[in-house]
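Colleague: Got a minute for this model? I'd like a quick tour.

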Amino acid sequence: MKATLQRLALPALGFASLLLVWEIAGRIAGPALFAPPSSVAVDYVGLLRQGDMLRELSSSLRQMAVGFIAACVVGMPLGAVMGRSAVADAIFRPWVSMFVVTSTAALIPLFILFLGTGLMLRVTIVFLASVWYITLTTYNGARGISPQQIAVARSFSASPLQIFWKVTLPALYPYLLTGARIGIVHAIRAMVLAEMFVIIGYGALMHRSGLSLDTGQLLGLLITLMLVSLFFNWLLGATGRWLAPWYDQQRVTA
Amino acid sequence: MISKPDPSTAGLSLGGDAAVAGGLPARGDSILSRAVRDKRLLSIASVLFVIALWQWGAGHVSGFLLPPPAEVLSRFLDPKWLSRLLGALGQSLIQLGLGFGLTLLIAVPLGVLIGRSVILTRMFEPVINAIYAIPPVAFIPFLIVWFGLFLEARVALVFLMSVFDVLVIVIAGARDVRSALVDVGRSFGASHQQRLRLIVLPALLPFFFAALRVGSARAINGMITAELFFAAVNLGAIMKRATQNFDSATVLSVVLLICVLGLIAQSGIAWLERRVLHWHVRSA
């Protein structure tokens, strides 16, 4: 009982002190510079009632999902193959290393030239921002599979395909989920980046409230983004615990 | 809870075992089978192959939008252009240095402070994770309101984009210092300060380098993002102007420069890490 209380009380205290500092700073700065939480709460109800925010958010998220799922479909097998085959590693590693250090923002002007400013641009940017992290996480997992396990499977005369399905894939499983969790953070960042660059969708809402110096509304939009990101993270973590409760994800992540 | 940027995943390490595999003696067979054995050769072949394919595609496929690599490279290496590009980069590096310096100055001590205290970790880790979940680019409208459109705003964005990554890694490191090590120190009568200086800080160094690797990549990202989103200057201005003129060779030459900068930063930090941390074996 006391332990639970402590587990909940200390984070609550942390958030409370954040809100307090924010409230004081907001009162001093004024609503044009930094709206305090008390007035953000009022604005937030307005945002929810008005309906623009949730509508733009759902359409933006659907576009992001296309890019993110494509990134998983490409990145996970690529990472697994690179981790298990030295030849594939040598072939793809230079490209992955190059792309992962190249800032997504720098790619936007280039892809505007190729794809215009429509849906394809946003999907491509989300894809490019998340695929390399998913690949690298899977790659690290695939490299870490203990050779003994594979040797045991082989000595029981398992075929390469059986080894893949019964040994490699289950061992990779927590890394796939961690890769997806890291990937979704980058995907959401890229979504906002692309939308703010071409001023469309949810990004356009933020741009507009920034221009009109409506920091209450702007902070409300930020909080929604934060909740979305935390929700997806929780969702992927919960899915992992539900599908494979025997894996301790903390060990993979930390 | 936001997944932590795992030091090994975020490693972005370059050519790890290429060096190991490269030492095998060649037995005078065909280039192809030698390339399969010598992994470094294979990597180079892979890069050359794609560039050759790109060059061929640019010449033969109609409607191919990429300029041929030869054109990009000659643009990149044209001395007049390169000196302009490097001049702009020099200006950009000012905000990178200021912003990332500020990040290290604030995030490292703060991370150690929070990570070493159970109470502070419990209190502030959820708060930091929550703020970390907000895409930093979303703060740009704020930064414009507070700092305007010029150097201050750019420094602020570089700081904002790198500070949480560094903070999260340093907290994880400080929390996970093996308590057995600290206990040994205590039983040998080391004072609190001695334990911090002689045990905790050295144990933290691998995490510090992980934070440096991840943080510098994020800071470079912030550097170029800032130049595109605030008043377009330096490299950002070159890119924006070239985009308006549909000059994709120029845009690509800037992308290439940023890519090279990122690779230099990563391998520089990896080199430093090997020098400083020769006693520490990085797993995987």
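Modeller: Here is a short chat about the contact between the chains and the aromatic pairs.
Modeller: This is a predicted model, where local features need pLDDT of at least 70, side-chain atom pairs need 80 or more, and totals for chains, interfaces and linings use all residues. Residues count from 1 along each chain, chains are lettered from A, and side-chain values use heavy atoms without hydrogens or water.

Colleague: How many residues does each chain put into the contact?
Modeller: Chain B gives 67 and chain A gives 62, with contact meaning heavy atoms within 4.5 Å.

Colleague: And what area is buried between chain B and chain A?
Modeller: About 5,800 Å², with 75% from carbon and sulfur atoms. That is accessible area (1.4 Å probe) lost on putting the two together, summed over both.

Colleague: How many salt bridges between them?
Modeller: Zero, taking Lys or Arg side-chain nitrogen within 4 Å of an Asp or Glu carboxyl oxygen.

Colleague: Switching to rings. How many aromatic pairs over all chains?
Modeller: Twelve. Ring centres must lie within 6.5 Å; planes under 30 degrees apart are stacked, over 60 edge-to-face, the rest tilted. Phe197(A) and Phe229(B) are edge-to-face, at 5.5 Å and 80 degrees.

Colleague: Are Phe197(A) and Phe229(B) buried or exposed?
Modeller: Both are buried (under 20% relative accessible area; exposed is over 50%, partly exposed in between, 1.4 Å probe, protein chains only).

Colleague: What about Phe142(B) and Trp146(B)?
Modeller: Phe142(B) and Trp146(B) make a tilted pair, 5.2 Å and 40 degrees. Phe142(B) is buried at 1%. Trp146(B) is partly exposed at 37%.

Colleague: Which rings join them in a cluster?
Modeller: Trp22(A), Phe34(A) and Phe147(B).

Note on methods: Rings of Phe, Tyr and Trp (its six-membered ring) pair if their centres lie within 6.5 Å; planes under 30 degrees apart count as stacked, over 60 as edge-to-face and the rest as tilted.
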